[in-house]
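Colleague: Got a minute to walk me through this model? I'd like to start with any space hidden inside.

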Amino acid sequence: MNELSVVGGGVIGLSVAWRASARGRRVTVYDPEPGRGASWLAGGMLAPVTEAWPGEEDVLTLGEASLRRWPDFARDLAEEGADPGLSPHGTLVAALDSADAGNLEMLAAYLTELGREVEQLTGREARRAEPGLAGSVRSGLLVPGDLAVDNRRLLNALKQACGKHGVEFRHETVTALEHLDGDVVLAAGAWTGRLHPALADAVRPLKGEILRLRPRRGCLPPPTRTVRAMVEGRPIYLVPRDDGGLVLGATQYEAGFDETVTVRGVRELLEGAERVFPGITEYELVETAAGLRAASVDTMPFIGELGEGVFAATGHHRNGLLMAPVTADAAVAWLDGGPLPDEVAAAAPSRRSEERV
């Protein structure tokens, strides 16, 4: 039986471990706390279209390729015994002022030009779609094709599926690859750059804070779909959960490997969310947390072979959950000796060497 060592037990590492073990590989996952880290703190948005922006067409193409895989990925995982909580309700992007409204019009035009389905809304139509939106919302953009997933249900489902197929978990931090067995997949998120020289200056931590809220009795219920907005240049998203809770995020800034929650971060999130969805001021604040996204130098992840027997699956930035299915498919194709999915060609680690040349 061929052996595989997966370094990192977040959504990428667990997805690779599950898919590989289901195909008969003997898999070991190395992570001090499998199923935690940045994946545990994610909002759960699977939204390549509303993340899209001119100049990042390769990221959009890769994201959409993975989004198309998500329904089957979720179904297969549910058949293993645990439903990951996939939501099909789409995304509503809200504009609060004339500048935001102008940006939404530009985004709508860009996406329409690419053939993506979007619907522009007036402020009144946006509030009709989501009654809790603030009266100051000027306009909106509805993207029905976006999905969302409950990240914690997903991680627990992946760990359960891995266990079903005999994956071994070693609760330890890997600092060198020499003593690992078999082929190696590097999926250690923001820490991956410390494990291979080809990624040393290509993957860095990007801090993000999130809050979890719960409506109290008598409060307006959370939105029915993901709501996104820009508030004074800062992105805000509100992602509802099936249990009635709400995930609010996310700050984003350079802070090295610092994972402390700051007063400033919490204040910015709450103030921004109140301007978009005023009813949250009466919600219970259940959790505050900070995590480290694995940011790449060009917003594109690194998916591909680094050298004999070593495969990179890192640098997914905000899109780790979204791109888990296509990344896992690429890793399994590499293990099987076959061609990688066409969409991951732009994510090849070799592009770093080509850029230097």
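**The cavity**

Modeller: The largest cavity has a volume of about 100 Å³. A cavity here is a set of points on a 1 Å grid over the protein atoms alone where a 1.4 Å probe fits but cannot get out, and a volume is the space filled by probe spheres set on the points, joined across faces, edges and corners.

Colleague: Which residues are the closest to its centre?

Modeller: Glu51, Glu56, Val59, Arg318 and Asn319, out of 14 that line the cavity; lining residues have an atom within 4 Å of a point. This is a predicted model, where local features need pLDDT of at least 70 and side-chain atom pairs count only at 80 or more, while totals for chains, interfaces and linings use all residues. Residues are numbered from 1 along each chain as its sequence is written, and side-chain values use heavy atoms, leaving out hydrogens and water.

Colleague: Which element gives the largest share of the lining?

Modeller: Helix α4, with three residues. The elements giving two or more are α3 (48–51), α4 (57–79) and α9 (320–335). Helices are DSSP runs of H or I with at least four residues, strands are runs of E with at least two, and both are numbered from the N terminus.

Colleague: Switching to Leu62, is that buried or exposed?

Modeller: Leu62 counts as buried because its relative accessibility is 0%. Buried means under 20% relative accessible area, exposed over 50%, and partly exposed in between, with a 1.4 Å probe and protein chains only. Leu62 lies in α4.

Colleague: And what does Leu62 touch?

Modeller: Beyond residues up to four places away in sequence, its contacts (heavy atoms within 4.5 Å) include Met300, Ile303, Met323 and Val344.

Colleague: New topic: where does Arg293 sit?

Modeller: Arg293 is in strand β15, residues 284–296. At 15% relative accessibility, Arg293 is buried too. A polar atom of its side chain lies 3.5 Å from the backbone oxygen of Thr251. Arg293 also contacts Arg318, one of the residues closest to the cavity centre.

Colleague: Zooming out, how many helices and strands are there?

Modeller: There are 10 helices and 17 strands. The radius of gyration is 20 Å, close to the 21 Å that the globule rule gives for 357 residues, so the protein is as compact as a globular protein of that length. That radius is taken over C-alpha atoms, and the rule is 2.2 Å times the number of residues to the power 0.38.

Colleague: How much of the protein counts as buried?

Modeller: Of the 357 residues, 57%.

How values were computed. 1 Å grid on protein atoms, 1.4 Å probe; cavity = no way out; pocket = protein on both sides within 12 Å on 5 of 7 lines; lining within 4 Å. Polar contact = N/O pair within 3.5 Å; in protein donor to acceptor, adjacent residues only side chain to side chain.
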